[in-house]
Amino acid sequence: MTAKEAESVISVKNLRKAYGDGSETPTVALDKVSFDVPRGQFLAIMGPSGSGKSTLLHLLGLLDEPTSGSYRFNGKNVTSYTSDELADLRNREIGFVFQAFNLLPRTSVIDNVKLPLYYSKIPEHEWDDRAREAVESVGLAHRMHHGQSELSGGERQRVAIARALVTDPEVIFADEPTGNLDSKSGKTVMAIMQHLNEEHGKTIVLITHETSTADHAERIIRLMDGEMESDTRVHSRLSADDEFVK
Ligand SMILES: Nc1ncnc2c1ncn2[C@@H]1O[C@H](COP(=O)(O)OP(=O)(O)O)[C@@H](O)[C@H]1O
Ligand SMILES: [Mg+2]
């Protein structure tokens, strides 16, 4: 392992993902993808529809396995992990936020946020405090016991972020988290993401097709037809506006 790999949270080399059962020409969704993500970085992944963004996020988030290539997460070669080991690592170190908020209906904010704790090894006596802190950290203390139907889209996405945070993961993966939101709610969600990165040191990998959203990141990797087209630093990173903090 090189020094660079050792200090990176994510290190992928020659990642390839082909879909198909072998009977026909496979769809190559991702090929020759190599990069490292240092701890605490906020990385945006951009690219047109079908360029492989979600496929890449699924591989990085340990939800799917590559056809070939290597993946080190926190210095460990996870390509050799069993599915139980992957599930365990995912639960401890990874939080997900998706475009569709994926909250349970007829379930309060605090109970939605508590869900990942049931699958974790975190002692039960910590659950209430952890869930409450996570809800507070996204500025929704005043909505703690509300049901989903009483929340706006932006508030629902903030609940989803709180749920991703409740296990205190090392990395947060987000796939178009502002895709279903109006621009004002989208801005609040991005301010929260940036706050988590800058103040809580979370490593964030976020997919977006909007330049205004990507400008909250420090670095942008662009995909085209499954391959890396560019890997650039953001020079004029937007500052997080802290409006959401109540
Ligand atoms: N489960 C799957 N089976 C077959 N092909 C897939 C599957 N998932 C994605 N693909 C294909 O892989 C390519 C990349 O898809 P995706 O990663 O979803 O792109 P993006 O998120 O950038 O829109 C597309 O051609 C898509 O049709
Ligand atoms: Mg996608």
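Trainee: Does α6 pass α7 in a left-handed or a right-handed crossing?

Mentor: This is a predicted model, in which local features need pLDDT of at least 70, side-chain atom pairs count only at pLDDT 80 or more, and totals for chains, interfaces and linings use all residues; side-chain values use heavy atoms, with hydrogens and water left out. Residues are numbered from 1 along each chain as its sequence is written, while chains are lettered from A and ligands numbered from 1 in the order in which they are written. Helices are DSSP runs of H or I with at least four residues, numbered from the N terminus. With the near helix turned clockwise from the far one by less than a right angle (anticlockwise would be left-handed), the crossing of α6 and α7 is right-handed.

Trainee: How is α6 oriented to α7?

Mentor: Axes are lines fitted to C-alpha atoms over the stretch in contact, and angles run from 0 to 180 degrees between N-to-C directions. The axes of α6 (residues 153–165) and α7 (residues 183–200) come within 9 Å and cross at roughly 20°. Angles under 35 degrees count as roughly parallel, over 145 as roughly antiparallel, 65 to 115 as roughly perpendicular and the rest as oblique. Therefore α6 is, relative to α7, roughly parallel.

Trainee: And how is α4 oriented to α5?

Mentor: Their axes, for residues 109–118 in α4 and 127–137 in α5, come within 9 Å and cross at roughly 125°. That angle makes α4, relative to α5, oblique.

Trainee: How many charged residues are in the contact of α4 with α5?

Mentor: Contact means heavy atoms within 4.5 Å, and among the residues meeting here are Lys114 in α4 and Asp128, Arg130 and Arg132 in α5. Asp, Glu, Lys and Arg count as charged; Ala, Val, Leu, Ile, Met, Phe, Trp, Tyr, Cys and Pro as nonpolar; and the others, Gly among them, as polar. The contact divides into nine nonpolar, no polar and, for charged residues, four.

Trainee: Which residues in α6 does α4 meet?

Mentor: The axes of α4 and α6 come within 7 Å and cross at roughly 35°. From α4, Val109, Asn112, Val113 and Pro116 take part, and they meet Val159, Ala162 and Arg163.

Trainee: Which residue has a polar backbone atom 2.7 Å from an oxygen atom of ligand 1?

Mentor: Residues around ligand 1 (a heavy atom within 4 Å) include Tyr19, Lys53 and Thr55. Polar backbone atoms of Ser51 and Gly52 are 3.2 Å and 3.1 Å from a ligand oxygen atom, respectively. At 2.7 Å, the residue is Gly50.

Definitions and conventions
Helices (H or I, at least four residues) and strands (E, at least two) are DSSP runs, numbered from the N terminus. A polar contact is a pair of N or O atoms within 3.5 Å; within protein, one must be able to donate a hydrogen and the other to accept it, and residues adjacent in sequence count only if both atoms are side-chain atoms.
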